[in-house]
Amino acid sequence: MMHHIVNNLWLGSQHDADELVRNNPGKITAILNVRGADAYDPPGRDQAAEHPGKAYKWIPAPDIGTISPKHVREALLWLREQTDKREQILIHCKHGISRSPAFLAAFMVESGISPSLEEAKATISVHRPVQPATQIVEHVKPVLLISALTGLPNRQAFDEGKASPFVAIADVDRMRVFDDFYGQIAGDALLRRLAKILISVGLDAYHHRGDEFLCKGESRQELNAKLSQARQIFREPFQVYADGRIQTIGGTDFSFGIGTSPEEEEAALNEAKKTTARNEPPEWLRKIVGMGGLGRVG
């Protein structure tokens with residue numbers, strides 16, 4: 001049977017996931033299937049069609065005793081998104097004792113539930129017998145190269161990765177005002193939304209710090225085109241939980257600067273932000289002013 005581990009997170013087996021079609025005592029609304037190639041028949045596969053109405057993600061992690069950084073990164077992003085939506089999540093592999101607890105432990109550390117992978121493993125073991133030691137110990141470093149907030153590679157990963165001829169630095173406009181008015185939860189969701197958009201347009205993106213992101217590229221033209229596309233998407237209205245309710249917010253934006261050195265990138269970003277400051281206030285800020293909210297943001 002599947003086990004409730006902590007918060008909105010459950011751990012189980014392939015059988016537990018199959019049983020949800022008939023019986024759902026834990027009211028599971030999202031499933032992360034990390035079962036890839038293994039020695040069992042049938043092998044792991046995408047079963048989203050068998051779970052209509054539930055959020056579903058399949059990551060084909062092979063049963064080889066290790067987990068790739070790419071799979072960890074992909075899982076963390078998806079788990080963050082579903083947690084923000086308040087989904088009740090089941091993570092499963094074939095038996096729920098090796099691959100799935102390793103992914104769960106990584107998320108528990110990155111989301112701040114547990115201070116270390118060993119403590120995450122101990123917490124899981126209280127509720128369910130697991131054996132994720134090999135995966136957890138061998139993948140401490142890849143997990144630490146991922147931003148806990150956005151799920152993107154962090155600044156350390158940027159520095160340790162392949163050098164690029166051009167780098168862009170992107171900074172969310174009026175982030176402090178947004179945080180002050182809508183709250184930290186909404187602000188964090190906004191940053192995660194931008195991270196997802198940067199990846200969706202094909203950027204090699206990294207979370208630098210706070211509301212700043214770095215993107216590597218082979219040319220100035222490539223970075224400018226992809227970041228301009230990302231800006232268009234980022235400006236579109238989206239829904240976020242703020243002030244005790246779901247709100248629709250439109251007009252969020254970010255500025256960016258491209259260069260071949262940190263100095264050139266910062267100078268270009270500063271020029272872009274000056275242009276932004278001269279533009280008409282975005283829709284969400286006009287809404288705050290209309291509500292008399294400037295007193296709250298100071």
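Helices and strands are taken here as DSSP runs, numbered from the N terminus. In this predicted model, Asp 38 has its place in the loop that lies between strand β3 (30–33) and strand β4 (55–58). Asp 38 has a relative accessibility of 17%, and the limit for a buried residue is under 20%, so Asp 38 counts as buried. Its side chain makes a polar contact of 2.6 Å with the side chain of Arg 35. The side chain of Asp 38 also reaches a backbone atom, the nitrogen of Tyr 40, at 3.1 Å. When residues up to four places away in sequence are left out, the residues touched by Asp 38 are Pro 43, Gly 44, Asp 63, Lys 94 and Arg 99.

Further along the chain, an open sheet is formed by 4 strands in the order β7-β8-β6-β11, and the pairing is antiparallel. Strands β7 and β11 (254–259) are the edge strands, each pairing on one side only. On average, neighbouring strands of this sheet are turned by 25 degrees against each other, with direction ignored.

Two of the strand pairs can be described in detail. Strand β7 (residues 204–209) pairs with strand β8 (residues 212–217) in the antiparallel sense, over 5 bridges. Within this pair, Arg 209 has Glu 212 of β8 as its bridge partner. The two strands form a hairpin with 2 residues between them, and Gly 210 in the turn has a positive phi of about 50 degrees. Strand β8 also pairs with strand β6 (residues 166–172), again in the antiparallel sense, over 6 bridges. Here the bridge partner of Ile 169 is Leu 214 in β8.

Helices α9 and α10 both contact the sheet. Helix α9 lies across β6, β7, β8 and β11 and runs at about 5 degrees to β8. Helix α10 touches β6, β8 and β11, and its direction makes about 175 degrees with that of β11.

The packing of the helices against each other was examined next. Two packed helices are described by the angle between their axes and the distance between the axes. For helix α9 (residues 184–200) and helix α10 (residues 220–235), the axes come within 9 Å and cross at roughly 140 degrees. The two helices are therefore oblique to each other, and their crossing is right-handed. On the α9 side, the residues in contact are Leu 190, Arg 193, Leu 194, Ile 197 and Leu 198; they meet Leu 227, Ala 230, Ile 233 and Phe 234 of α10.

Helix α9 also packs with helix α8 (residues 175–182), where the axes come within 6 Å and cross at roughly 135 degrees. This angle makes α8 oblique to α9. Met 175, Phe 178, Asp 179 and Tyr 182 of α8 meet Gln 184, Ala 186, Gly 187, Leu 190 and Leu 191 of α9. Leu 190 of α9 is thus listed among the contacts with α8 and among those with α10.

Pro 282 is found in the loop between helix α11 (262–278) and helix α12 (283–290). With a relative accessibility of 13%, Pro 282 counts as buried. Leaving out residues up to four places away in sequence, Pro 282 touches Arg 174 and Gly 251. The C-alpha atoms of Pro 282 and Asp 180 are 16 Å apart in space, while the two residues are 102 residues apart in sequence.

Methods:
Residues numbered from 1 in each chain as written. Predicted model: local features only at pLDDT ≥ 70, side-chain atom pairs only at ≥ 80, totals over all residues. Heavy atoms only, no water. Pairing = 2+ DSSP bridges. Buried < 20%, exposed > 50% of the residue type's maximum accessible area, 1.4 Å probe, protein only. Polar contact = N/O pair within 3.5 Å; in protein donor to acceptor, adjacent residues only side chain to side chain. Contact = heavy atoms within 4.5 Å. Axes fitted to C-alpha atoms, helices over the stretch in contact; angles between N-to-C directions. Parallel < 35°, antiparallel > 145°, perpendicular 65-115°, else oblique. Left-handed = near helix turned anticlockwise from the far one by under 90°.
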